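Could you walk me through how some of the helices pack in this protein, and what one of its pockets looks like? A short tour for someone at the bench would be great.

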Amino acid sequence: MTRAILSGAGRLPALLLEAGPAHIVQFEGVPSTPLDAPLIEARFEQLGGLFEALKAEGVTELCLAGAMTRPILDPSAFDPRTVELMPRILPTLSRGDDALLSTIVSILEDEGFSILGAHHIRPDLLAEEGVLAGMMSDAKRSDAARARAVLETLSPLDVGQVAVASKGQILAIETAPGTDAMLDFVAKQAPSSGGVFVKRSKQGQDLRVDMPSIGPDTVRRADEAGLSGLCIEAGGVLVLDREDVISEAQARGIALWAEA
């Protein structure tokens, strides 16, 4: 089987390459780190050209990895296959990420590609249940339970994967601007809350294409926002650069644990 990684920003594409060779698909306008792998350059407006290039290289497996923002499309650049697909894609552009990604996966599968999740390629990146770093307390577990309850309630609405709670109160919920914007808000509004950051997958989320993840920067940002704990979903969140994540948590006095 020949594999290609549809690469976005962040560390995940490089970590997946450590598991074995793959082509890298780089979309125009999407920031990414240069990687030592065969490169396929692509545009969102020319999906037909991408499919042809992948098949010419014998690619049968695809993995979507790394952060991507929704592109601003140039209709004048559409190739014929993209024109055919737009009636399927356009209705999802104004909906949540799950709807858009589900449509993209369906299109890729219709083209004959198998879709792999990052956790299929690197199962060792998944968080296991238990304490990974720091000291636990009843107060931290209580705040984590409160944030988790809110995420589970909002999950069917396809809103976000993160909530922050402190002393039983919800300080913030991740929405379209993303996790960094949420943490900036917490840092400004409750700079010494000692709250807990909870990250979990959403109900019905296709983990092959949108597996939540944390990395060392997540720990740093949480500390800068005045938080004291990170609780992630065991088996449902990737821990990127695990040793660095744990070292950051220990150095900053952040409790890090995973719950099923």
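Here is a friendly look at three helix pairs and one pocket, all taken from a predicted model.

## Helices α2 and α3

Let's begin with helix α2, residues 47–56. Its axis and that of α3 come within 7 Å and cross at roughly 110 degrees. Angles of 65 to 115 degrees count as roughly perpendicular, and α2 and α3 are therefore roughly perpendicular to each other.

On the α2 side, the contact involves Leu47, Gly48 and Phe51, which meet Arg81, Thr82, Leu85 and Ile89 in α3. Sorted by class, this contact has 4 nonpolar, 2 polar and 1 charged residues.

## Helices α3 and α4

Helix α3 spans residues 80–89 and helix α4 spans residues 97–110. Their axes come within 10 Å, with a crossing angle of roughly 140 degrees, which makes α3 oblique to α4. The crossing of α3 past α4 is right-handed.

From α3, the contact uses Leu85, Arg88 and Ile89, while α4 supplies Leu100, Thr103, Ser106, Ile107 and Asp110. These residues divide into 4 nonpolar, 2 polar and 2 charged. Leu85 and Ile89 of α3 take part here, and both are also in the contact with α2.

## Helices α7 and α8

Further along the chain come helix α7 (residues 179–189) and helix α8 (residues 216–224), whose axes come within 9 Å and cross at roughly 25 degrees. Angles under 35 degrees count as roughly parallel, so α7 is roughly parallel to α8.

Asp180, Leu183, Asp184 and Ala187 of α7 make this contact with Arg221, Ala222 and Glu224 of α8. By class, there are 3 nonpolar and 4 charged residues, with no polar ones.

## The second largest pocket

Now for some open space: which residues line the second largest pocket? The lining consists of Leu151, Glu152, Ser155, Gly160, Gln161, Arg200, Ser201, Lys202, Gln203, Gly204 and Glu233.

The volume of this pocket is about 150 Å³. Its lining has 6 polar and 4 charged residues, along with 1 nonpolar residue. Leu151 is that nonpolar residue, and the charged ones are Glu152, Arg200, Lys202 and Glu233.

Key: Residues numbered from 1 in each chain as written. Predicted model: local features only at pLDDT ≥ 70, side-chain atom pairs only at ≥ 80, totals over all residues. Heavy atoms only, no water. 1 Å grid on protein atoms, 1.4 Å probe; cavity = no way out; pocket = protein on both sides within 12 Å on 5 of 7 lines; lining within 4 Å. Points joined across faces, edges and corners; volume = space filled by probe spheres on them. Axes fitted to C-alpha atoms, helices over the stretch in contact; angles between N-to-C directions. Helix = DSSP H or I, 4+ residues; strand = E, 2+ residues; numbered from the N terminus. Parallel < 35°, antiparallel > 145°, perpendicular 65-115°, else oblique. Left-handed = near helix turned anticlockwise from the far one by under 90°. Contact = heavy atoms within 4.5 Å.
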